[in-house]
Amino acid sequence: MNTSPVHPFDLVAVDGLLSDEEREIQRTVRALGERELRPHIAQWFQEGIPARELARLLGGIGVLGMHLDGYGCAGTNAVSYGLACLELEAVDSGLRSLVSVQGSLAMYAIRQYGSEEHKQEWLPGMAAGEKIGCFGLTEPDAGSDPGAMRTRAKRDGSDWVLSGTKMWITNGSVADVAVVWARTDDGVRGFVVPTDTPGFSAPEIKQKLSLCASVTSELVLEDVRLPADAMLPKARGLSGPLGCLNEARFGIVFGALGAARDCLETALSYVADRTVFGRSLASYQLTQQKLTDMALELDKGMLLALRLGRLKDEGRITPEQVSVGKLNNVREAIEIARQCRTLLGANGITLEYPVLRHANNLESVLTYEGTSEVHSLVIGKALTGEAAFR
Ligand code: TGC
Ligand code: FAD
């Protein structure tokens, strides 16, 4: 087994804190990323992704719902899942998004809150990447405050009839199944909606400048009629969708560091080759200060991610701790991406190098799964006991 460090600026040897199995999973996903994904990513960022092909590829190596048990899922620990997210996001946040939404949002919702029939029907195909899922919580007028949602599910005999609009939904127009959260007389409930149900449509959102290697869509529900058993029986109230968000946010704690690492690797190689004012760009103190600050933040972020991963594997992680990780690691990752862009000068603005692509993607990552402001308020509430959301 190869035991050399995964990257050269792992200054405090975080890699040594991983088990052999975790390291092997990380190497496998990294190898897949370098071989099958990175060669195409600039083109996908410009032209869109072949989502079905990618889902099958990722299902083939077992990363879809990999931290879930049974129903064709790999059942790895949380740290391994985090490391897989990191390696995918080292190629592009959009690829990690596909995996987050499939595994941590759509599949997790069905695994955690669904009936046995829901699990049997959807999970094996989703784990294999044969079926794609999406997760509809956000609406045009309800993002940070999902409790303000308007999408409504009404009883009609034993059926449910859903109407409303969801916005910014990853995988929306390529999904086979949508987990849709709607207001009922009994509070917020989740519904498993096959996307070929009459009245369901998912127009794709175009002209994005971020997360371009990811499908983002509206979900339009016009009197979508579903049988009584379409409702997720075990999710009641907002704690249902928010419970799923904890899972996806955890993946981002690791994932964002992948984007940052890729930027720093690119910048290190660039400054070694670039000559300015007659000397290597790497030889200037200003350059080295930037590189040092970035490497420190990356390593601190890894230690934080790993600590949270261990807590999660012990079943002890709290939502507030996930907020600490999401807020810190995405905030630092975007700073690293922007700083690396400065080191690459004009070359940094092109798709020939990944740094501005990562920086642009991280703008979405900073916003989705709870904005940095929302996570600051979650932590503020934990510190003071005062909720300042409203
Ligand atoms: P609040 O009254 O505090 O809570 C309502 C109920 O939910 C419970 N709860 C949680 N449960 C599990 N995990 C959490 N993190 C939870 N946070 C709260 C809470 O205990 C309560 O339960 P109960 O039983 O008493 O009813 O809710 P609030 O309305 O005041 O809102 C709190 C706030 C702002 C923190 C929350 O709503 C929030 O997190 N807002 C951000 C929304 C968000 O993150 N949306 C993400 C949409 S999905 C997405 O972005 C996917 S992108 C994926 C990709 O492409 O990678
Ligand atoms: P708003 O909630 O309108 O926030 C606007 C600004 O106000 C932000 O800066 C915010 O931090 C700030 N703000 C909000 N509340 C407060 C407050 N109390 N105090 C101070 N400031 C506040 N959603 C899904 O359901 N499923 C998906 O698959 C999904 N995928 C996405 C993919 C992409 C590429 C993007 C960009 C978004 C995606 N989202 C998805 C939506 C995402 O979760 C929301 O954009 C996010 O929750 C923020 O909501 P909003 O955009 O409506 O912003």
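Helices are DSSP runs of H or I with at least four residues, numbered from the N terminus. The legends below describe close-up views of a predicted model.

**Figure 1. Residues surrounding ligand 1 in the predicted model.** The view shows the 24 residues around ligand 1. Those that come nearest are Ser 97, Ser 144, Asn 246, Arg 249 and Gly 370. By residue class, this shell comprises 10 nonpolar, 10 polar and 4 charged residues.

**Figure 2. Helices contributing to the shell around ligand 1.** Helix H4 (93-113) and helix H6 (239-273) each provide at least two residues of the shell. The largest share is that of H6, which contributes 6 residues. The space that ligand 1 takes is the largest pocket.

**Figure 3. Polar contacts of ligand 1 with Arg 96, Thr 170 and Glu 369.** Two of the contacts shown involve side chains. In the first, an N or O atom in the side chain of Arg 96 lies 3.0 Å from an oxygen atom of the ligand. In the second, an N or O atom in the side chain of Thr 170 lies 2.9 Å from an oxygen atom of ligand 1. Glu 369 contributes through its backbone, with a polar atom 3.0 Å from an oxygen atom of ligand 1. On its own, ligand 1 has 1,100 Å² of accessible area, of which the protein covers 71%.

**Figure 4. Residues surrounding ligand 2.** Seventeen residues, given here as 17, lie around ligand 2, and Thr 138, Ser 144, Trp 168, Thr 371 and Glu 373 come nearest. Ser 144 is thus listed among the nearest residues for ligand 2 and is also listed for ligand 1. The shell around ligand 2 consists of 8 nonpolar, 7 polar and 2 charged residues.

**Figure 5. Polar contacts of ligand 2 with Thr 138, Thr 371 and Phe 389.** The side chain of Thr 138 places a polar atom 2.7 Å from a nitrogen atom of ligand 2. An N or O atom in the side chain of Thr 371 is 2.7 Å from an oxygen atom of the ligand. At Phe 389 the contact is made by the backbone, where a polar atom lies 3.0 Å from a nitrogen atom of ligand 2. Ligand 2 taken alone exposes 980 Å², and the protein buries 68% of this area.

**Figure 6. Pocket, secondary structure and domains around ligand 2.** Ligand 2 sits in the largest pocket. Strand S3 (159-170), helix H9 (355-367) and helix H10 (372-384) are the elements that give two or more residues to its shell. Strand S3 gives the most, with 3 residues. Domain 2 (133-230) and domain 3 (239-384) each supply at least three residues of the shell around ligand 2.

Notes. Residues are numbered from 1 along each chain as its sequence is written. Chains are lettered from A and ligands numbered from 1 in the order in which they are written. This is a predicted model: local features need pLDDT of at least 70, side-chain atom pairs count only at pLDDT 80 or more; totals for chains, interfaces and linings use all residues. Side-chain values use heavy atoms; hydrogens and water are left out. A residue is near a molecule or strand if one of its heavy atoms lies within 4 Å of it. A polar contact is a pair of N or O atoms within 3.5 Å; within protein, one must be able to donate a hydrogen and the other to accept it, and residues adjacent in sequence count only if both atoms are side-chain atoms. Accessible areas come from the Shrake-Rupley method with a 1.4 Å probe; for residues, only the protein chains shown count as cover. On a 1 Å grid over the protein atoms alone, a cavity is a set of points where a 1.4 Å probe fits but cannot get out, and a pocket is an open set with protein on both sides within 12 Å along at least five of seven lines; lining residues have an atom within 4 Å of a point. A molecule sits in a cavity or pocket if more than half of its atoms lie within 2 Å of its grid points. Ala, Val, Leu, Ile, Met, Phe, Trp, Tyr, Cys and Pro count as nonpolar, Asp, Glu, Lys and Arg as charged, and the others, Gly among them, as polar. Domain bounds come from an automatic or database domain assignment.
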